[in-house]
Amino acid sequence: KMSELPTSTDVGTDSALDIRIIDTEDVKATLFKHTVYIIEHTTHNNITITRRYNDFKWLHNVLSIQFLCMFIPPLPPTNKTGDVLHKFDPNFVSQRRYDLQRFLNRISSHKLLSASESFEVFMSQISRNRFDEQQKTIRDKLLARNETEIAGFISTVCYPHLQFNQQHAYENLSDHIPSLTEQETDEEHAMYMEHIPRVREVYIRCEERLNKINAFARNIFQIQTHLVDEMGTFNECLYALHDIETKERPSCIHMAGDDDKDDN
């Protein structure tokens with residue numbers, strides 16, 4: 001069954017979205033089935049593509065590798081229940097569909113992220129086999145960069161307005177700090193106000209993951225405590241068995257001692 005997006009009263013919507021996930025579909029593979037998201041992009045001649053959640057994870061991963069110095073919008077969390085069937089629940093799919101659509105539009109609205117090769121391939125490649133090949137090629141190319149290439153990319157592409165001169169780094173830094181603190185414009189203030197909720201969202205996601213890790217650690221501790229108790233019980237049984245065997249042995253030893261006395 002096709003799921004519907006949450007309404008504006010549920011989670012809020014943007015009436016001017018460039019990218020829309022217009023539907024979802026469950027696809028049966030050889031062993032398992034998965035959900036694909038049908039995406040429509042108005043700036044790519046209204047082409048329609050299908051992507052699964054793992055494709056979104058790839059996009060987030062390669063953007064994080066390429067733009068080390070930038071904030072990458074977070075993905076919606078994975079299935080937290082551990083129940084395989086839960087990820088096909090209509091409510092879960094609907095919420096994830098909305099979150100993934102928001103993720104894509106946040107990237108599309110960013111000047112550098114939207115111009116990246118990975119995003120262009122994600123939004124335009126229709127062939128599944130070709131897309132899989134390009135995924136590997138792009139990731140391998142990014143991972144093969146050396147430190148000089150990464151630094152050059154950051155200085156020339158990410159922050160071209162800053163002068164990265166190692167010899168005068170301290171002077172340049174001291175020149176920029178007053179201008180950022182004393183001459184902050186309305187545009188910069190608006191930018192800060194836009195990014196603060198995003199930073200807060202990252203911290204919320206981190207807190208959720210840390211709470212989950214903490215819960216796992218507590219469960220592991222309880223399991224280990226239970227194992228220690230069980231091992232203690234098992235050892236007691238072994239000691240009891242040893243005591244039984246020990247109690248039987250003296251009679252044999254005693255009988256052997258009596259026989260020795262008789263021989264004497």
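Let's start with contacts. Take those in the protein between residues at least 6 apart in sequence: 58% of them join residues at least 24 apart. Keep in mind that this is a predicted model.

Now the overall layout. The protein has 8 helices and 3 strands. Along the sequence, the pattern reads β-β-β-α-α-α-α-α-α-α-α. There are 264 residues, and buried ones make up 26% of them. The protein exposes about 18700 Å², with carbon and sulfur atoms supplying 56% of that area.

Next, helix H5, residues 128-143. Does the length add up? Let me put that properly: what span should the 16 residues of H5 have at 1.5 Å a residue? They should span 22 Å, and the end C-alpha atoms are 23 Å apart, which agrees.

Which residues of H5 are buried? Phe131, Gln134, Gln135, Ile138 and Leu142. These buried residues cover an arc of only 110° around the axis, so they sit on the same side of H5. The general rule is that an α-helix has 3.6 residues a turn, so residues three or four places apart point the same way.

What do the buried residues of H5 pack against? Strand S3 (48-52), helix H1 (53-66) and helix H4 (117-124). Turn to the other side of H5, and Asn129, Lys136 and Thr137 are exposed.

Last stop, the surface. Met231, Phe234 and Leu238 form a nonpolar patch there. Together they have about 300 Å² of accessible area. Leu238 lies in helix H8, residues 186-263. Is Leu238 buried or partly exposed? Partly exposed, because its relative accessible area is 42%, and buried would require under 20%.

Conventions
Residues are numbered from 1 along each chain as its sequence is written. This is a predicted model: local features need pLDDT of at least 70, side-chain atom pairs count only at pLDDT 80 or more; totals for chains, interfaces and linings use all residues. Side-chain values use heavy atoms; hydrogens and water are left out. Patches are made of residues with over 30% relative accessible area and no salt bridge: like charges are joined within 9 Å, nonpolar side chains (Val, Leu, Ile, Met, Phe, Trp, Tyr) within 5 Å. Accessible areas come from the Shrake-Rupley method with a 1.4 Å probe; for residues, only the protein chains shown count as cover. A salt bridge is a side-chain nitrogen of Lys or Arg within 4 Å of a carboxyl oxygen of Asp or Glu. Helices (H or I, at least four residues) and strands (E, at least two) are DSSP runs, numbered from the N terminus. Buried means under 20% relative accessible area, exposed over 50%, partly exposed in between (1.4 Å probe, protein chains only). Contact means heavy atoms within 4.5 Å. The expected span of a helix is 1.5 Å times one less than its number of residues. The arc is that of the directions from the helix axis to the C-beta atoms.
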